[in-house]
Amino acid sequence: MRSADDLTTKARIRDAAIVAFGEQGFAVGVRAIATAAGVSPGLVIHHFGSKDGLKGECDDWVREVIRKAKLEYIEHPSPNGLLQSLSEIEDFAPYMAYLMRSFQSGGSLMKSFFDNMVEDVEQYLVAGIAAGTLRAPSDVKATAKYVATTNGGGMMLFLQLYAAEQDGPVDFRKALREYADRMMMPALELYTNGMLTDSMALDTLTNRSPDS
């Protein structure tokens, strides 16, 4: 059985790895992660088995942190909750950097992370519908995939453009703050009020015959 100290050390290694992967990419070695965490490389392997094992636990933790924060707001929205989330947005910088590296890596890693995002968004939708904070779409799964694609893709494009404007390494805390300042209001207007003034386009696609 692990002691409390072991659990604290394991969490410290995991958090250091998330930062290292986000800043340097997934090619960063166990030794560099161990140095950042203030432990020996052997202790990293002791807790995680391998670098892949560590990476898997980082994936799970990043997903859980984001999932928990989103579910909390969707199920219990409030003005204070929204303002607090905005005031703390910089705290999510290591996780956003990690996500960007995951999508930049491409291949099976990117697909796996995206599939997990879609599953999580579906959970948000179901929870919001049950709580009465979201309208029920006609197809929850299709909507989840659309939201994951547009939100994830939009965030990644913003971060890529932001990175292109910087002379040195990206400060993800500043990038996230700027993202919120630029994108939050138009996004909320669009989600709350909609954009189209009539339902012609939706009615056309909804009512078209399979052979049309």
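Two exercises on a predicted model follow, each with a worked solution.

Residues are numbered from 1 along each chain as its sequence is written, and side-chain values use heavy atoms, without hydrogens and water. Local features need pLDDT of at least 70, side-chain atom pairs count only at pLDDT 80 or more, and totals for chains, interfaces and linings use all residues.

**Exercise 1.** State where pLDDT, the predictor's confidence in each residue from 0 to 100, stays under 50.

Step 1. The protein chain averages a pLDDT of 88, and 95% of the residues score at least 70.

Step 2. Residues 1-5 stay under 50. For these residues the model has 3 contacts (heavy atoms within 4.5 Å) beyond four places in sequence.

Step 3. Where pLDDT is low, the predicted coordinates should not be read in detail.

**Exercise 2.** Describe helix α9 from its start to its end, then its buried residues. Helices are DSSP runs of H or I, at least four residues, numbered from the N terminus.

Step 1. At the N-terminal end, Asp171 acts as the cap, with a side-chain oxygen 3.0 Å from the backbone nitrogen of Arg173.

Step 2. Helix α9 covers residues 172-193, and its C-alpha atoms span 30 Å from first to last, close to the expected 32 Å. The expected span is 1.5 Å times one less than the number of residues.

Step 3. At Met183, shortly before Pro186, α9 has a kink of about 40°. The angle is taken between axes fitted to the seven residues ending there and the seven starting there.

Step 4. Gly194, just after α9, has a positive phi of about 80°.

Step 5. Phe172, Ala175, Leu176 and Ala180 are the buried residues of α9, with buried meaning under 20% relative accessible area (1.4 Å probe, protein chains only). Their cover includes α5, α6 and α8.

How values were computed:
Helices (H or I, at least four residues) and strands (E, at least two) are DSSP runs, numbered from the N terminus. Buried means under 20% relative accessible area, exposed over 50%, partly exposed in between (1.4 Å probe, protein chains only). A polar contact is a pair of N or O atoms within 3.5 Å; within protein, one must be able to donate a hydrogen and the other to accept it, and residues adjacent in sequence count only if both atoms are side-chain atoms.
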